[in-house]
Amino acid sequence: MTPPNQNARGALLIMAAGAKGAIGSTLAAAAAALETNPAPILSCLTTIDRLPWKRPAMELAGWDTCERDLPEAAAAHGVLPADTLAPLAERMARFRVLAAPEKGSLQDQVAQIRTDIRDLTQSRPDAAPVFVNLLPARGWPGHATRGEAPMDAPPPIPDIAYAMAAVAEGVPVVNFTPNFVEIPALIAAAEAAGVPVCGRDGKTGQTYFKVALASALMARGLRVDGWYSLNILGNADGANLMDPDHARDKLANKTGLLDEILGYPVATPLGVPTHKVHIDYYPPRGDAKEAWDVIDIAGLFGLPMSIRLNLQGRDSILAAPMVIDLSRWMAALSAAGRGGAVPELAFYFKKSIGNGPPRTFQDQMTALSALAAGLAPAADGGDGAGAPTETETETTP
């Protein structure tokens, strides 16, 4: 097992499964921009005043089945305009993206990915490695027992092989997808090896605001009688989610958290559920997704009121800085010796793994502050999580 990098001094090596997807290629552009113009990237991070970057260097690597290079993949996704991508293309093209294993048993795929991880980390010994799962959403096949992954059979979903290989190599794991990766055997291995794991399902747009608004309504004692959510997006993620098996876990994640925050099921007096979530593929929107929410609430004497919320967001633009934030948390936690699931990072996820994750927006923010405070002694030891100076955050790598 490769030991965690204890002296990364802020440099990151993010190894992503699905590195040439919309989020991965946007992440590559952000990594390239850090080299010459870090300010627009650093200003979008929630970790800057919690885990300041002494040397804002970052490299993307990973795996994909796409044969285009990263600049071509980024252009094809249409997330960033051509004049933004052009000055970054040369740097992006140098990032190493390897062929994804597509055949063989789980054991064989884990072995190949472990070899790849060693190769990638040895090429950047100065950087703290983190694995990030950015593969498309998909459910476990009907014949598989959820939570079990026999080593002598093909993996139930490809994500499992990557996560198992990363833990075996001592590399922290971020599961940004809605896919069920954190099987009991994986979490047990991560705890034993002191490897942190976090996930699941990045909370990028509509659900982020749902958590914030639901927390505010609960704090005011305003009862939620119904909540209708519609998402339209036209990127590859939107097309993929038209398959009910692929969308199942994401819809469950988006739906289940509301009852957890409020402390009661959103339903009619007869018990009919009135929290509805729909996702629709609408190609004209591309990566610029749109979300509509209709919220019915009741106040004093049960009198009805309603809220309308419309978000016109950019999926990958919202997601990429969250991936950087999570990677920085994982690198710092790894250096501090934290292993297993990290429920304190629920702020970033729809369905946070681990025991007792904070539910409300207020509790999630408090958990982040406590987590950062616990890392402060390690930060003072020089792993890059100490207090920043104005010069440090503006220095190019």
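**Strands and helices in a predicted model**

Trainee: In this predicted model, in which sense do strand 1 (residues 12-17) and strand 4 (residues 128-133) pair, and over how many bridges?

Mentor: Strands of a sheet pair through backbone hydrogen bonds, and the two possible senses are parallel and antiparallel. One bridge to look for sets L13 against its partner P129 in strand 4. Strand 1 and strand 4 take the parallel sense, and their bridges number 6.

Trainee: Which strands are the edge strands of the open sheet?

Mentor: The open sheet is made of 7 strands with parallel pairing, and their order is 3-2-1-4-5-6-11. An edge strand here pairs on one side only, and this holds for strand 3 (97-99) and strand 11 (340-341).

Trainee: At about what angle to strand 4 does helix 7 (residues 158-168) run?

Mentor: Helix 7 lies across strand 1, strand 2, strand 4, strand 5 (173-175) and strand 6 (196-199). Helix 6 (residues 106-123) also lies across several strands, among them strand 2 (58-64), to which helix 6 runs at about 155°. For helix 7 and strand 4, the angle is about 160°.

Trainee: Which residue in the turn between strand 9 and strand 10 has a positive phi?

Mentor: Strand 9 (residues 290-298) pairs in the antiparallel sense with strand 7 (residues 223-233) over 9 bridges, and one of the partnerships sets N231 against A291. Strand 9 is also joined by 9 bridges to strand 10 (residues 304-312), again running antiparallel, with A298 standing opposite P304. Strand 9 and strand 10 form a hairpin with 5 residues between them, and the turn residue with a positive phi, of about 65°, is F301.

Key:
Residues numbered from 1 in each chain as written. Predicted model: local features only at pLDDT ≥ 70, side-chain atom pairs only at ≥ 80, totals over all residues. Heavy atoms only, no water. Pairing = 2+ DSSP bridges. Helix = DSSP H or I, 4+ residues; strand = E, 2+ residues; numbered from the N terminus. Contact = heavy atoms within 4.5 Å. Axes fitted to C-alpha atoms, helices over the stretch in contact; angles between N-to-C directions.
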